[in-house]
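Here's a walk through the structure, written for someone who would rather look at a model than at a spreadsheet. Pull up the viewer and follow along.

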Amino acid sequence: MHFTLTPAQQEFQRKAASFARQRIEPVIPVMEQTGRPPAELIAAMGEQGFMRVRLPGSDTPGMNHLEQILLLEALSRYSAAIGLLMVSQLMGIGTLMEFAGPAVREHYLPRLTTGEMLLALGITEPSGGSDPSAAGTRAERDGDCFVLTGRKVFITNSHWARLVLVVARTSADRRRGLSVFAVDATTPGFRTGRAEHKTGLVGCVTGELVFDQCRVPESHLIGEEGDGLAITIKAISEYGRMGNAGVALGLMQTVFEETQALAAAVGQLYQPMVQEGLAAIYGETQAARLLTYQAAWLLDTGARADAEVATTKFFANDASLRCIRRAMAIAGSRGLVAGHPLERCFRDAIPLISADGTGDIQRIVAARSLVGRFS
Amino acid sequence: MNFAHEDELKILRQTVRSFAADVLAPEVRLMEETGEMAPRVLDLLASQGLFGISVPFDYGGTQMTSLERLVTLEEVARVSAATATWLAVQHTAATAVLTTGSARDKEEVLPELARGRQFAALALVPPPGTPGPTITFRSVLGDSYRLDGQASWCFGAPVADWFLVEGVAPGQDVALFLLPRSTEGLLAGPATPATGLRGCPAGPVQLSAACVPPESRLGRRPSRTVGDVVAAAHALGFCGIVLGVMQAAMEAGLDFATKRVLYGKPIAGLQSVQFRLAEMYADLEAGRLLAYRTAWLMDRDEACALDIVAAYQFLSGSALRGTRKAVEIFGGYGCLQDFPVERFYRDALTLTSRECPVRLDTASNGV
């Protein structure tokens with residue numbers, strides 16, 4: 001057991017932190033106002049190699065699960081919205097690398113990993129997102145195409161994505177009835193619907209995807225027909241939930257540092273109750289960090305880690321809220337003024353709870369896995 | 001990062017786990033009834049070298065790392081938190097003697113503590129600014145010290161041979177003293193019956209004009225540093241004990257939830273039970289990682305005062321939450337002494353009623 005990063009990982013962490021400080025921190029006010037990051041920021045992240053994923057067991061260049069967490073943590077130290085945008089991007093890239101056929105892989109992966117294109121994953125429907133097996137979006141075979149009809153909601157990167165991975169029903173079978181398709185945003189029959197105005201995570205877009213007789217070539221089927229549920233669950237678990245926790249870590253680090261700075265600025269840093277609050281925020285952050293790193297490490301060894309990943313996700317979200325509650329007690333009104341990072345963190349922590357699977361669903365997943373191991 | 005446990009650590013855990021199951025488990029009921037520890041158990045703990053974990057081989061100990069000590073206490077506490085507390089107190093006292101004692105203390109007292117032939121009690125004062133009784137010391141007659149005051153509810157006090165006493169000087173200087181039971185003016189009262197940790201007797205220690213020779217003061221280094229080393233060892237011991245209790249509560253909860261049938265199926269399928277299990281697991285795993293990383297930092301001599309405080313605080317909260325959830329999973333059975341979870345809850349309550357011995361102002365160097 002040891003708790004140090006390799007020198008290369010430490011170097012990567014420094015690089016990501018300095019990028020976030022130089023390129024993300026200055027544009028936060030613009031993002032808060034316009035709801036979007038400057039276009040060149042996405043390309044710059046691609047240039048830095050922040051969109052290159054390495055699958056477990058492979059030795060190609062790119063980030064393994066732990067390194068993806070280090071990246072998301074560093075970016076979300078300044079903007080959880082950019083963090084969540086990147087979670088979807090990495091989730092899509094990892095999924096395509098593992099399951100896409102040559103046509104999709106060769107055309108889209110280079111454009112996605114350089115940041116030329118953003119990607120969205122369409123899973124949640126108006127009826128809910130907690131049970132992906134209940135998806136109502138249909139994909140009907142027609143010659144060498146599938147025709148997609150349906151609507152996806154609360155989709156991160158919806159309006160900016162140029163490639164959409166969408167889960168649709170190809171048969172009535174509950175376990176094997178779903179398939180995943182890669183849909184180019186220029187495909188006739190595809191359009192975006194409303195873009196939501198959210199409590200927080202204002203710098204990334206969340207909205208609707210609409211498929212109306214949208215014809216997708218067979219070569220854009222990801223994995224085999226009927227693999228959709230397994231692919232979706234793997235993607236949400238290993239990239240979505242893990243990434244979401246990584247974003248929460250960056251957010252908690254912000255809460256810790258900003259609360260400390262506020263207390264110091266008013267000469268209260270050494271008050272016992274301030275010290276106790278800061279120690280509690282530090283403890284929650286460190287606990288969530290260790291859980292996340294451990295789950296990422298497990299995934300990188302190729303192990304299944306359902307209980308660990310689900311636990312990490314709900315713990316990190318809940319710990320964020322506990323940290324914020326402590327921070328509010330220390331910061332007082334100063335932390336509630338618009339434009340202050342703490343105020344933004346308060347708003348950003350809320351939508352993270354339901355993104356990538358609600359806390360309640362994570363508890364059920366974790367408990368089932370624990371009971372299974374125990375019995 | 002590597003979260004896999006080394007083979008040596010796994011073997012240690014397995015060894016202690018078997019020992020606790022074979023030797024301690026059958027004694028728990030008697031400890032609960034009498035509040036006392038059977039001498040037979042103390043002998044067996046001593047024969048396994050469990051009192052001398054943090055003591056070098058040269059002084060009769062088994063020279064384990066902080067991480068190994070943590071795992072040992074966790075496994076003992078998984079069966080009996082009272083026994084683990086008894087051990088942890090002895091470890092803390094031994095650490096004090098080892099790091100700050102004179103050559104004579106190390107040669108005469110340390111092997112006795114390490115081999116479990118003599119026992120120590122802790123009379124540590126509450127952090128400055130905390131109301132309540134305290135122990136003061138001042139220099140008298142040239143180089144002797146006079147100690148006055150009292151500490152309540154000191155683990156080991158009713159039976160100890162040695163007392164590790166923390167005294168505060170008028171200038172807020174803190175010093176540690178190692179006093180034999182025979183010290184004139186030292187009165188260790190009878191055991192105070194407590195909610196939990198029954199089997200590890202605790203009671204008051206009173207010092208009335210106790211004049212002690214200069215060599216009973218431990219350490220010639222700045223006193224705060226001395227106190228910090230001892231406090232860190234003490235706090236880490238607490239973390240190990242709490243982890244063991246939480247682990248036991250988690251296992252009991254899982255066991256009951258998979259066997260108890262309601263509405264025709266095990267209650268493990270009910271979401272209200274699943275939520276509790278998942279939350280207990282999250283608190284346990286998070287607390288364990290905090291504590292293990294802290295022990296790992298201690299073993300590398302890296303600064304970790306803030307990490308100790310954070311682990312202690314986190315585990316204090318999660319021990320109560322976790323054991324309470326176990327009681328809730330058991331429903332009415334959770335309040336019966338036929339089942340162990342009410343003991344876990346009482347032990348958690350008793351363990352977490354104490355402040356973290358590492359001072360926050362020490363830790364804040366890390367903030």
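What follows covers the two chains, the contact between them, and a few local spots to look at. Keep in mind that this is a predicted model.

**The two chains**

Let's begin with the overall build. Chain A has 11 helices and eight strands, while chain B has 12 helices and 10 strands. The table puts some overall values for the two chains together.

| Chain | Residues | Buried residues | C-alpha box along the principal axes |
|---|---|---|---|
| Chain A | 375 residues | 56% | roughly 70 × 50 × 40 Å |
| Chain B | 367 residues | 53% | about 80 × 45 × 40 Å |

How does the radius of gyration of chain A sit against that of a compact globule with 375 residues? The rule gives a value near 21 Å and chain A has 20 Å, so the two agree. For chain B the rule gives 21 Å for 367 residues, and the radius of gyration is 21 Å, so chain B is as compact as a globular protein of that length.

Contacts that reach far along the sequence are also worth a look. In chain A, take the contacts between residues at least 6 apart in sequence: 76% of them join residues at least 24 apart. In chain B, residues 24 or more positions apart account for 73% of the contacts with a separation of 6 or more.

Chain B is also split into domains: domain 1 covers 7-114, domain 2 covers 120-218 and domain 3 covers 223-363. Measuring over C-alpha atoms, the centres of domain 2 and domain 3 of chain B are 29 Å apart.

**Where the chains touch**

Chain A puts 33 residues into the contact and chain B puts in 35 residues. On the chain A side, the elements giving two or more residues are helix H8 (272-300), helix H9 (306-331) and helix H11 (359-374) of chain A. Which of them gives the largest share? That would be H8(A), with 15 residues. Sorted by class, the side of chain A that touches chain B has 23 nonpolar, eight polar and two charged residues.

**Helix H10 of chain A and the loop after it**

Now move to helix H10 of chain A, residues 341-354, which is mostly covered, with 10 of its 14 residues buried. Among the buried ones are Pro341(A), Leu342(A), Cys345(A), Phe346(A) and Ile353(A), and Arg344(A) and Asp348(A) are buried too. What does the covering? The list includes helix H5 (80-99), helix H7 (228-265), H9 and H11 of chain A.

Just past H10(A) you reach Asp356(A), which lies in the loop between H10 and H11 of chain A. Its phi is near 65 degrees, a positive value in a residue other than glycine. Is Asp356(A) buried or exposed? Asp356(A) has 29 C-beta neighbours inside 10 Å, so it counts as buried; the cut-off for that is 20 or more.

**A strand in the middle of things in chain B**

Over in chain B, strand S3 (residues 144-155) pairs with two other strands. Strand S2 (residues 135-140) of chain B runs antiparallel to S3(B), and six bridges join them. One pair to click on is Phe137(B), whose bridge partner in S3(B) is Leu147(B). S2(B) and S3(B) make a hairpin with three residues between them, and Leu141(B) in the turn has a positive phi of about 45 degrees.

S3(B) also pairs with strand S7 (residues 202-212) of chain B, again in the antiparallel sense, over eight bridges. Here the bridge partner of Ala151(B) is Val205(B) in S7(B).

S3(B) has an oddity of its own to check. Trp153(B) is found in this strand, and it has a positive phi of about 55 degrees although it is not a glycine. With 17 other C-beta atoms within 10 Å, Trp153(B) is partly exposed.

**A covered helix in chain B**

Last stop: helix H4 of chain B (residues 66-79). What span should its 14 residues have at 1.5 Å a residue? The expected value is 20 Å, and the end C-alpha atoms are 20 Å apart, so the two agree. H4(B) is mostly covered, with 14 of its 14 residues buried.

Terms used
Residues numbered from 1 in each chain as written. Chains lettered and ligands numbered in written order. Predicted model: local features only at pLDDT ≥ 70, side-chain atom pairs only at ≥ 80, totals over all residues. Helix = DSSP H or I, 4+ residues; strand = E, 2+ residues; numbered from the N terminus. Expected span 1.5 Å × (residues − 1). Buried ≥ 20, exposed ≤ 12 C-beta atoms within 10 Å, placed from the backbone. Domains from an automatic or database assignment. Contact = placed C-beta atoms within 7 Å. Nonpolar A, V, L, I, M, F, W, Y, C, P; charged D, E, K, R; others polar. Rg over C-alpha atoms; globule rule 2.2 N^0.38 Å. Pairing = 2+ DSSP bridges.
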